[in-house]
Amino acid sequence: MPKKTLVLGFVCAALLGVSSAGISQDTVQNKKDLYSQVELFSYVLTTIQSDYVDEKKPQDLIYGALKGMLSSLDPHSQFMDPDEYKDLKTETEGKFGGLGIEISIKDNLLTVIAPVEDSPAWRAGIKAGDRIVKIGHDVTRDMGLDEAVKKLRGDPGSKVTITVLREKDSLVKDFIITREIIHVDDVKVPHIMGDHIAYVRLTEFRENSYDELHQALENLRSQGADSLVLDLRNNPGGLLDVAIKIAEDFLPANTTIVSTKGRNSSQDTIAKSENNNGDFLNWPMVVMINEGSASGSEIVAGALRDNKRAVLVGGKSFGKGSVQSVIPLPDGSGLRLTTARYFTPSGVCINGIGITPDVVVEEDASLENKEIEGDKESKEKNEDVDTVFSDLEDKEKKNKTQSSQDKKQNEQLKKDRADIQLQTAINVIKGIKIDRKFKQK
């Protein structure tokens with residue numbers, strides 16, 4: 001069978017193009033085993049080409065085999081065809097199409113890591129930890145991550161129905177969501193709360209995240225901020241080097257941020273801070289996390305907690321402690337391959353486990369809604385009073401001249417009060433400040 005021999009020779013040359021001279025006996029045996037398995041692969045491939053009911057393009061067969069190979073490794077490894085690889089590069093730039101959710105496989109179920117704030121999924125009510133059991137009419141059991149992503153994506157304006165299992169509430173519910181282009185702002189609502197406490201929410205770790213966060217902190221410092229609540233809730237991660245650089249802003253030089261360990265010693269690394277300017281090194285800090293905090297968020301949270309630099313507040317994190325390398329291939333396709341696992345400075349690998357915060361505070365949606373409704377009711381009453389006395393006190397004129405920035409700050413303060421986890425973080429910061437004052441006496 002010359003056709004089979006040709007295919008086998010090509011595959012073996014591509015996969016095994018190394019001489020066995022000078023290699024250990026075990027390695028030689030492993031290569032012999034691989035040759036025999038490649039022969040099996042070649043036989044199946046040529047059989048499909050010659051006997052399958054429909055003619056298939058060789059590329060489609062190879063792509064399908066590669067997708068299966070990568071998906072058998074772990075939930076995060078993936079073969080991407082040229083279109084999928086292009087989409088991945090677009091995502092890291094902060095603009096992409098879809099529903100606005102980060103998904104993964106957890107406990108063999110398609111799981112939402114976190115919804116992107118202000119995205120269609122977020123507005124529909126999708127939450128971190130939701131299990132997606134159906135996409136349209138397709139059950140997701142045994143569905144690969146790449147296949148699920150394809151089904152969730154589509155043209156902006158088109159709709160998709162997803163069925164969600166929310167285990168905490170014993171709820172199964174259909175969500176009809178309209179796809180749109182997702183624009184992601186890395187840094188959200190930076191502002192100063194009471195007692196000179198700065199608040200910044202970081203939504204993901206992308207190319208410009210560090211610059212945006214650092215600039216926001218500089219601006220808040222110039223306004224009098226002297227401490228920080230860094231909100232990493234529902235931050236699904238992103239670029240490893242960006243997460244390291246952000247942690248570095250708060251850690252002194254030579255402090256370990258994260259270490260990675262791979263199959264080969266050449267893949268083992270230790271990332272240490274090179275921060276010598278000290279701009280934010282002495283700020284009291286709280287980092288907020290929850291079950292939607294994954295990967296890069298866990299690197300930052302683990303680094304700051306293990307180095308006794310920040311207190312963690314919120315809920316247990318997602319538990320994604322593996323490092324994926326993105327490898328471009330000659331035809332425009334790519335591999336997302338798990339090449340290492342990362343460890344916090346204390347040597348803990350949180351993959352599949354997550355990080356439990358120092359102060360555990362579960363989100364209270366009912367309390368939040370009640371307080372927001374109370375704020376709305378109070379606002380309506382105040383507006384009625386303002387109308388009655390507008391002629392006497394010229395309130396109408398004062399409201400018109402009030403800056404839009406002040407209005408936004410007032411609205412943000414109301415949201416802050418409705419967030420029980422944030423209120424706990426503020427109290428922890430205040431406690432740290434009081435403790436420092438006592439120690440200085």
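**Entry 1: the hairpin of β5 and β6**

I began with Gly136, which takes a positive phi near 65 degrees in the hairpin of β5 and β6. Two residues lie between the strands of this hairpin. I note here that the model is a predicted one.

I then looked up how the two strands pair. Strand β5 covers residues 131-135 and strand β6 covers residues 138-139. Two bridges join β5 and β6, and the sense is antiparallel. Within this pairing, I found Ile135 opposite Asp138 of β6.

**Entry 2: the other partner of β5**

I next examined β5 together with strand β7, residues 159-166. These strands also run antiparallel, and I recorded four bridges between them. Which residue of β7 stands opposite Lys134? I found that Thr163 does.

I added a general remark to this entry: side chains in a regular strand alternate between the two faces of the sheet.

**Entry 3: aromatic pairs**

I searched the whole structure for aromatic pairs, and the search returned three. One of them is formed by Phe250 and Phe280, with ring centres 6.5 Å apart. The planes of these two rings stand at 50 degrees, so I entered the pair as tilted; edge-to-face would require an angle over 60 degrees.

I located both residues in loops. Phe250 lies between α8 (240-248) and β13 (256-262), whereas Phe280 lies between β14 (269-272) and β15 (285-289). The pair therefore ties together parts that are 30 residues apart in sequence.

Are Phe250 and Phe280 buried or exposed? Phe250 is buried, with a relative accessible area of 0%. Phe280 is likewise at 0% relative accessibility and counts as buried.

I then turned to the pair of Phe280 and Trp283, whose ring centres are 5.0 Å apart. Their planes stand at 80 degrees, so this pair is edge-to-face. Trp283 has a relative accessibility of 7% and counts as buried, because the limit for that word is under 20%. I closed the entry by noting that Phe250, Phe280 and Trp283 form one aromatic cluster.

**Entry 4: lysines over rings**

Finally, I looked up charges placed over aromatic faces. Lys106 lies over the face of Phe318, at 4.3 Å from the ring centre. I also recorded Lys261, which lies over the face of Phe343 at 5.0 Å from the ring centre. Lys261 falls within the residue range of β13, 256-262.

Terms used
Residues numbered from 1 in each chain as written. Predicted model: local features only at pLDDT ≥ 70, side-chain atom pairs only at ≥ 80, totals over all residues. Heavy atoms only, no water. Pairing = 2+ DSSP bridges. Phe/Tyr/Trp six-rings, centres within 6.5 Å; stacked < 30°, edge-to-face > 60°. Buried < 20%, exposed > 50% of the residue type's maximum accessible area, 1.4 Å probe, protein only. Lys NZ or Arg CZ within 6 Å of the ring centre and 35° of its normal.
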